[in-house]
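Visitor: I would like to learn how to read strands, helices and cores in a model. Please take one feature at a time.

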Amino acid sequence: MSVHLLLSAGRGPQECAWALARLLRRLESDATRQNLETHRAETVPGDRPDTYRSVLIRISGAGAEAFAASWTGTLCWQAPSPYRAGTGRKNWYVIAQPCQVGTPRTTFSEADVDIVACRTGGPGGQHRNKASTAVRATHRPSGIVVVVDTERQSSLNRRIAMRLLRQRIEHGDETAERAATSARRRIHDELVRGDPTRIERPETPQQDPASRERARRRPRQSTRPRPTTA
């Protein structure tokens, strides 16, 4: 099982792009601890090194949906700005939302189409009514129905019906794909600052095992006074 999560700095300042990169690494570390795989499917870099305006990440494995839900919503990275020393602001917000990527394409097969003869009226339709040359074609998987009576031979109407069904199915797939793309674009403007669903902070030396290990191995400095020379 896999799910895509879109992280976006929205229209926030450059610190939000910086915060997104830190939150992304924290998310990836959290996923690794839960035996989940992550893949950065798409990235949009920020103006400064090691920053991102948005990242589309795929999360795979058992429990991927629950994990993504725990990272969904407004995320806050709480730390001083690395770019503006004078500002007192420490909360930088990012939005994370699941999204659909690559809508499935419908495979068209004539075996999935039911065709029945029918009669239609209209100008010049008297002959067609008597001969029942019109056809009604139904594509069972999608429920799309077309009726064709333009020709006086049912075989020609059948051929036209198949072509029309194929065109309508392809058009439906294209419409669904455009809708999914539009939904992803709207996420960038849905960032609400304040009331975050999750707050993350930089790890302190006490929290970081590597820092504790380095501190333990660091040689102690002697406190004895150095001898003075005459």
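Visitor: Which residue in β8 is the bridge partner of Arg136?

Guide: This is a predicted model. Strands are read through their bridges, residue by residue. In β8, Val147 is the bridge partner of Arg136. That pair belongs to a set of five bridges between β7 (residues 134-139) and β8 (residues 144-148), which pair in the antiparallel sense.

Visitor: How many residues lie between β7 and β8 in their hairpin?

Guide: Four residues lie between them. In that turn, Gly143 has a positive phi of about 80 degrees. Another positive phi, about 60 degrees, is found at Asn35, just after helix α1.

Visitor: Which strands are joined to β1 by bridges?

Guide: A strand can have a partner on each side, so count the bridges to each partner separately. For β1 (residues 2-8), seven bridges lead to β3 (residues 52-60) and five lead to β5 (residues 91-99). Both pairings run antiparallel. Leu7 is partnered with Val55 in β3, while His4 is partnered with Cys99 in β5.

Visitor: Why is β1 described as largely enclosed by the rest of the structure?

Guide: In a regular strand, side chains alternate between the two faces of the sheet. Burial then has to be checked residue by residue. In β1, six of the seven residues are buried, so the strand is largely enclosed by the rest of the structure.

Visitor: What span does helix α1 reach from its first C-alpha to its last?

Guide: A helix can be checked by setting its span against the expected value. Helix α1 (residues 14-33) has 20 residues and reaches 30 Å, close to the 28 Å expected at 1.5 Å a residue. Because 15 of its 20 residues are buried, α1 is largely enclosed by the rest of the structure.

Visitor: Which residues touch the most other members of the largest nonpolar core?

Guide: In soluble globular proteins, nonpolar side chains tend to be buried together. Here the largest nonpolar core has 28 residues, and Leu5, Leu7, Leu20, Ile59, Phe67 and Trp71 touch the most other members. Two or more residues come from each of β1, α1, β3, α2 (64-70), β4 (73-78) and β5. Helix α1 gives the largest share, nine residues.

Visitor: What is Trp71 in contact with, leaving aside its neighbours within four places in sequence?

Guide: Trp71 is in contact with Leu5, Leu23, Arg26, Leu27, Asp30, Ala96, Arg198 and Glu200. There is also a second, separate core of 11 residues, including Ile160, Met162, Leu165 and Ile169.

Conventions:
Residues are numbered from 1 along each chain as its sequence is written. This is a predicted model: local features need pLDDT of at least 70, side-chain atom pairs count only at pLDDT 80 or more; totals for chains, interfaces and linings use all residues. Side-chain values use heavy atoms; hydrogens and water are left out. Buried means under 20% relative accessible area, exposed over 50%, partly exposed in between (1.4 Å probe, protein chains only). Two strands pair if DSSP finds at least two bridges between them. The expected span of a helix is 1.5 Å times one less than its number of residues. A nonpolar core is a set of buried Ala, Val, Leu, Ile, Met, Phe, Trp, Tyr and Cys residues joined through side-chain atoms within 4.5 Å. Contact means heavy atoms within 4.5 Å.
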